[in-house]
Amino acid sequence: MVREQMAAPRWSGAPPVRDSRVLEVMRRTPRHLFVPAAQMSSAYEDRPLSIGHGQTISQPYMVAKMTELLETRKEHRVLEIGTGSGYQAAVLSPLAAEVYTIEILEPLGREARDRLRALGYKNVEVRIGDGYLGWPEKAPFDRIIVTAGAAEIPLPLVEQLVPGGRMVIPVGPHWQTQILKVITKGSRGPHDFRVEDVMPVAFVPLVREKKDN
Ligand code: SAH
């Protein structure tokens, strides 16, 4: 998976993943334990897979690319929006000090929490809720990664970044192509940030209403 999909992606225009720390974590993280049993034999294929509730675990290449773009360091506190299976959080776990991750769909969030605990990911905390609003009690964060497509850049998330912090986020209309963006926060208040476009991507939508169970 790492040799064929990350280092030399066949997908035209996809920039290779070169960060050796990211490639090493991709080699070590057991993706087959994050997909439903029926999908296990496809776990290392170059595509997203269904994880139930209409949601998907992202394509391995995309997980690696977004992780590389995040430029996480060992001392960082990282926030992820869209826990899904918990795989992206597991990939971030050895690269950061603390990983906080928010999932809006309660059954998915609970499953991911149990799975991460069972696999021994001790520095990951899962919360059920609307990630658009971030996690104010745990803010600020050095890094934020959003793994669902946002209609616009969520300002509460920008506000919860440290000065100089980075956010990786797909932005664009729901169910169409989004643009993967890297946001870099400045030091002159919440509206001081720079936006860099990386490449077109397709994510499930970042939804707003909290689903009450
Ligand atoms: N990172 C995941 C895949 C994410 S799929 C993994 O590694 O498996 C996108 C996820 O975002 C879905 O589980 C979806 O339910 C969740 N989501 C959508 N809108 C959200 C919101 N506002 N807050 C938190 N999670 C959200």
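Select His-32 to begin: its relative accessible area of 27% makes this residue partly exposed, a class that lies between buried (under 20% relative accessible area) and exposed (over 50%), with a 1.4 Å probe and protein chains only. His-32 is found in the loop between α2 and β1; helices (H or I, at least four residues) and strands (E, at least two) are DSSP runs, numbered from the N terminus. The model is predicted: local features need pLDDT of at least 70 and side-chain atom pairs count only at pLDDT 80 or more, while totals for chains, interfaces and linings use all residues. Residues are numbered from 1 along each chain as its sequence is written, and side-chain values use heavy atoms, with hydrogens and water left out.

Keep His-32 displayed and add its surroundings. Leaving aside residues up to four places away in sequence, His-32 touches Met-40, Ala-43 and Tyr-44, where contact means heavy atoms within 4.5 Å. The C-alpha atoms of His-32 and Ser-42 are separated by 8.0 Å, with these positions 10 residues apart along the chain numbering, that is, 10 residues apart.

Move next to Leu-33, found in the loop between α2 (20–28) and β1 (49–52). Leu-33 counts as partly exposed at 34% relative accessibility. Together with Met-40 and Leu-119, Leu-33 makes a nonpolar surface patch of about 220 Å². Such patches are made of residues with over 30% relative accessible area and no salt bridge, with nonpolar side chains (Val, Leu, Ile, Met, Phe, Trp, Tyr) joined within 5 Å and like charges within 9 Å; the areas come from the Shrake-Rupley method with a 1.4 Å probe.

Now select helix α2 for its charged side chains. Glu-24 forms a salt bridge with Arg-27, the closest N and O atoms being 3.6 Å apart; the term requires a side-chain nitrogen of Lys or Arg within 4 Å of a carboxyl oxygen of Asp or Glu. Both residues lie in α2, three residues apart, about one turn of the helix. Adding Arg-28 shows a network of salt bridges that links Glu-24, Arg-27 and Arg-28. Arg-27 counts as exposed at 53% relative accessibility, whereas Glu-24 is partly exposed at 34%.

For a link between strands, select Lys-181 and Asp-197, whose salt bridge has its closest N and O atoms 2.9 Å apart. This pair links distant parts of the chain: Lys-181 is in strand β8 and Asp-197 in strand β9 (residues 193–201), 16 residues apart. Lys-181 is buried at 15% relative accessible area; Asp-197 is partly exposed at 48%.

Stay with the strands and select β7 (residues 161–171). Nine of its 11 residues are buried, so this strand is largely enclosed by the rest of the structure. β7 pairs with strand β6 (residues 141–146) in the parallel sense over four bridges; pairing requires that DSSP find at least two bridges. Ile-145 stands opposite Val-168 in β7. With strand β8 (residues 178–185), β7 pairs in the antiparallel sense over six bridges, and Met-167 stands opposite Ile-183 in β8.

Finally, select the largest nonpolar core, a set of buried Ala, Val, Leu, Ile, Met, Phe, Trp, Tyr and Cys residues joined through side-chain atoms within 4.5 Å. Of its 44 residues, Met-6, Met-26, Met-62, Leu-116 and Leu-180 touch the most other members. Helix α3 (residues 60–70) gives the largest share of this core, seven residues.
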